[in-house]
Amino acid sequence: MKIKLDFTIVEFSYVAPIQVLKNQLIQNKALRVSIKIDEQYIGELALTPLPHFHHYTLEEWRFSLKEFFEEKEFDFYHIDLEAPFFNTIKSTFVFSGELLFAIESVLFLIIEKKYSKALAHIEKKPIHINALYSSKLPLKTTPNCLKIKIRPTPKSIADTITIIKKSQRSHFRLDGNRSFDSLELKTFLLLLKKECGDISSLIEYIEEPFKNSNDLFTFKSQFTLALDESLIQYVEQSKIFLFPNNFMAIIKPSLIGISKSFFLMEQLKERAVISSTYESSSAMRPLMYLAAINPRLHHGLDTFKFLPKELCNHTLNDQFCLLF
């Protein structure tokens with residue numbers, strides 16, 4: 001079986017600025033990938049790597065896809081979702097990380113369209129997601145779980161206090177984006193407690209707060225901590241399974257690949273949350289299947305609201321759920 005890809009690069013603007021580590025993006029480029037099998041059109045995929053976050057450029061994603069699919073023969077009759085390339089090729093050559101994600105995004109679209117029995121064991125339930133707070137985009141619904149990006153600044157603590165007091169939700173997630181040291185985070189949490197009362201039952205976890213990831217293991221707190229960006233180094237060293245039970249894993253498939261994400265979800269189960277990196281609707285499909293493995297938790301997939309209509313055809317229901 002031969003798979004042929006055609007590529008188009010298009011520019012687009014976000015509906016509101018998105019925060020990528022310490023940078024704000026208002027525009028980006030999408031790689032549209034048209035997929036054919038033996039000259040039969042299968043579908044189209046839009047990939048949107050993030051500058052300042054992903055290590056490779058969009059042009060490098062395109063080159064890797066072109067080279068990989070021009071050289072390989074594929075067999076979809078022994079699909080294994082946890083194996084590299086879903087066990088569709090006979091090869092010892094393995095891409096990793098975001099390039100693996102790009103390649104597996106194409107393969108997953110083909111599997112969903114033509115070999116969907118491989119996905120039949122994953123029940124299609126509504127996927128509960130946390131709302132990502134943005135001052136530029138007022139919340140239109142009242143989700144139960146709200147994610148707030150925090151920084152060690154007076155403005156951030158004041159904003160966080162206001163959001164928690166006004167929103168009256170039962171679950172919050174605080175995302176530090178690796179911007180705190182231990183003392184700064186301790187001070188931040190003390191100020192929150194002073195103004196909002198005992199919030200220990202409200203804060204589900206604090207995501208990736210420390211500049212130095214080693215502080216995760218020495219910081220004494222009643223709060224659950226979560227690994228996000230730094231998760232990849234522990235996955236590569238196979239140390240993720242040694243973490244204490246009060247740690248959460250925020251899995252970004254675009255950083256480690258879809259097959260590796262399926263493996264981790266099956267192993268970690270209720271300790272794992274799937275998180276997007278502002279994927280388009282077409283690229284979000286495998287993330288929705290991954291999130292459906294653990295339907296009890298809210299997943300970090302509230303990014304469609306930042307995308308223009310040409311990249312997004314999904315909406316949220318009144319319970320802030322994504323529907324397949």
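# Close-up views of a predicted model

**Figure 1. Phe-85, a buried residue in a loop.** With a relative accessibility of 2%, Phe-85 counts as buried. The model shown here and in the views below is a predicted one. Look for Phe-85 in the loop between helix H1 (58-71) and helix H2 (97-114). Its backbone is worth a second glance: Phe-85 has a positive phi of about 60°, although it is not a glycine. The side chain also has company, as Phe-85 belongs to one aromatic cluster together with Phe-68, Phe-69, Phe-74, Phe-76, Tyr-77, Phe-95 and Tyr-115.

**Figure 2. An aromatic pair, Phe-12 and Tyr-14.** Across the structure there are 19 aromatic pairs. In the pair shown here, the ring centres of Phe-12 and Tyr-14 are 5.0 Å apart and the ring planes meet at 80°, so the arrangement is edge-to-face. What is the relative accessible area of Phe-12? The value is 5%, and Phe-12 is buried. Tyr-14 counts as buried too, at 7% relative accessibility.

**Figure 3. The hairpin of E1 and E2.** Here strand E1 (3-20) and strand E2 (residues 23-37) run antiparallel and are joined by 14 bridges. Two residues separate E1 and E2 in this hairpin, and Leu-21 in the turn has a positive phi of about 55°. Elsewhere along the pair, Leu-5 faces Ile-35 of E2. Ser-34 is also part of E2, and at 17% relative accessibility Ser-34 counts as buried, because the limit for that class is under 20%. If you follow the chain 17 residues from Ser-34 to Pro-51, you will find their C-alpha atoms separated by 23 Å.

**Figure 4. The open parallel sheet.** Seven strands make up this open sheet, in the order E5-E6-E7-E8-E9-E10-E11, with parallel pairing. Which strands stand at the edges? They are strand E5 (131-132) and strand E11 (272-274); each has a single partner strand, so one side of each is left without a neighbour in the sheet. At the E11 edge, strand E10 (residues 247-251) is joined to E11 by three bridges, and the two strands run parallel. Ile-251 has Ile-274 in E11 as its bridge partner.

**Figure 5. Strand E8 and its neighbours.** Strand E8 (residues 203-207) has four of its five residues buried, so the rest of the structure largely encloses it. Strand E7 (residues 171-175) runs parallel to E8, and four bridges join them. Within this pairing, Leu-174 lies opposite Ile-206 of E8. E8 also pairs in the parallel sense with strand E9 (residues 225-227), over two bridges. There, Glu-207 has Ala-226 of E9 as its bridge partner.

**Figure 6. The E7-H4-E8 crossover.** E7, helix H4 (residues 182-196) and E8 together make a β-α-β unit, which is right-handed. On the way from E7 to H4 comes a loop that holds Arg-178. Is Arg-178 buried or partly exposed? Arg-178 is partly exposed, with a relative accessible area of 31%. Arg-178 has a positive phi of about 55° although it is not a glycine.

**Figure 7. The largest cavity.** Five cavities of 30 Å³ or more turn up in a search of the whole structure. The largest cavity holds about 260 Å³ of space. Its lining has 23 residues, and the closest to the centre are Lys-147, Lys-149, Lys-252, Ser-276 and Tyr-278. Strand E1 (3-20) and strand E6 (145-149) are the elements that give two or more residues to this lining. By class, the residues lining the largest cavity divide into seven nonpolar, eight polar and eight charged.

**Figure 8. The largest pocket.** About 620 Å³ of space lies in the largest pocket. Of the 21 residues that line it, Gln-19, Gln-24, Tyr-133, Ser-135 and Lys-149 lie nearest the centre. The elements that give two or more residues to the lining are E1, E6 and helix H3 (154-167). Which element gives the most to the lining of the largest pocket? That is H3, with six residues. The lining residues of the largest pocket divide into eight nonpolar, eight polar and five charged. Lys-149 is a residue to look for in both views: Lys-149 is among the closest to the centre of the largest cavity and among those nearest the centre of the largest pocket.

Definitions and conventions:
Residues are numbered from 1 along each chain as its sequence is written. This is a predicted model: local features need pLDDT of at least 70, side-chain atom pairs count only at pLDDT 80 or more; totals for chains, interfaces and linings use all residues. Side-chain values use heavy atoms; hydrogens and water are left out. Buried means under 20% relative accessible area, exposed over 50%, partly exposed in between (1.4 Å probe, protein chains only). Two strands pair if DSSP finds at least two bridges between them. A crossover is right-handed if, with the strands pointing away from the viewer, the path from the first strand over the helix to the second runs clockwise. On a 1 Å grid over the protein atoms alone, a cavity is a set of points where a 1.4 Å probe fits but cannot get out, and a pocket is an open set with protein on both sides within 12 Å along at least five of seven lines; lining residues have an atom within 4 Å of a point. Grid points are joined across faces, edges and corners, and a volume is the space filled by probe spheres set on the points. Ala, Val, Leu, Ile, Met, Phe, Trp, Tyr, Cys and Pro count as nonpolar, Asp, Glu, Lys and Arg as charged, and the others, Gly among them, as polar. Rings of Phe, Tyr and Trp (its six-membered ring) pair if their centres lie within 6.5 Å; planes under 30 degrees apart count as stacked, over 60 as edge-to-face and the rest as tilted.
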